[in-house]
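This report looks at charged side-chain contacts and at strand pairing in one protein chain. The structure is shown first.

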Amino acid sequence: MSKKKKVIILASMVALLVLTGCLNYFLNKTPTASAGTNGTLTYTDYFTASQNDKNASRTETVMYYDAIIASEASSAEAKANAEAERAALIANMETEQRLEALIKALGYEKCLVTVGKENINVIIKSDALTDPQVAQIVDVVTSETKRDEAYIRVKPIDA
């Protein structure tokens, strides 16, 4: 495959990524008022919009890694890096889902967890959290991830 073709493919993928991001932004504004089928207004809450954004972004990233892995033009090193990054991303996604389920099991209506390379952020639907509640959430996160408490952030949001 020629260098020009590679550049065109990469530019097309970047353009699609930007287009998807723009569409995602405009379709999932928070709060978004839209007329329902019966004429009532419905609102997309913070947690639904954030979860949708996170899922769309992760899906795009996995597809990007899959494209690198499947490309005949990619070097063996690029394929190995893409495979490792894809596996790490999928592991983080699974950890986020597991933590969200465990935190909801504690009695919280909605939560959003993001696992990064260093920090874990937990956003809880609540007016405020007491110290024992935060300690309970941090305990769940540390027991599941073996990460130090210093790298876990818990934030209540009344959304």
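The sections below take the salt bridges first and the strands after them.

## Basis

The model described here is predicted.

## Salt bridges between helices H2 and H3

The structure holds six salt bridges. Among them is the contact between lysine 54 and glutamate 96, whose closest N and O atoms lie 3.3 Å apart. Lysine 54 belongs to helix H2 (residues 46-70) and glutamate 96 to helix H3 (residues 76-105), so this pair ties together parts that are 42 residues apart in sequence.

Lysine 54 also meets glutamate 100 in a salt bridge, with an N to O distance of 3.2 Å. Here too the pair links distant parts of the chain, with lysine 54 in helix H2 and glutamate 100 in helix H3, 46 residues apart. Glutamate 96, for its part, forms a salt bridge with arginine 58, and the closest N and O atoms of that pair are 2.8 Å apart. Arginine 58 lies in helix H2 and glutamate 96 in helix H3, so the pair ties together parts that are 38 residues apart in sequence.

Taken as a group, Lys54, Arg58, Glu96 and Glu100 are linked in a network of salt bridges.

## Burial of the network residues

Are lysine 54 and its partners buried or exposed? Lysine 54 has a relative accessible area of 11%, and it counts as buried because the cut-off for that class is under 20%. Glutamate 96 is buried as well, at 2% relative accessibility. Glutamate 100 has a relative accessible area of 8% and is likewise buried.

What of the pair arginine 58 and glutamate 96? Both of these residues are buried.

## Strands S3 and S4

Strand S3 covers residues 111-115 and is mostly covered, with four of its five residues buried. How many bridges join S3 to strand S4? There are five, and the two strands run antiparallel, with S4 spanning residues 120-125.

One residue pair can be used to locate the pairing in the model: valine 113 has valine 122 in S4 as its bridge partner. The connection from S3 to S4 is a hairpin of four residues.

Note on methods. Residues numbered from 1 in each chain as written. Predicted model: local features only at pLDDT ≥ 70, side-chain atom pairs only at ≥ 80, totals over all residues. Heavy atoms only, no water. Salt bridge = Lys/Arg side-chain N within 4 Å of Asp/Glu carboxyl O. Buried < 20%, exposed > 50% of the residue type's maximum accessible area, 1.4 Å probe, protein only. Pairing = 2+ DSSP bridges.
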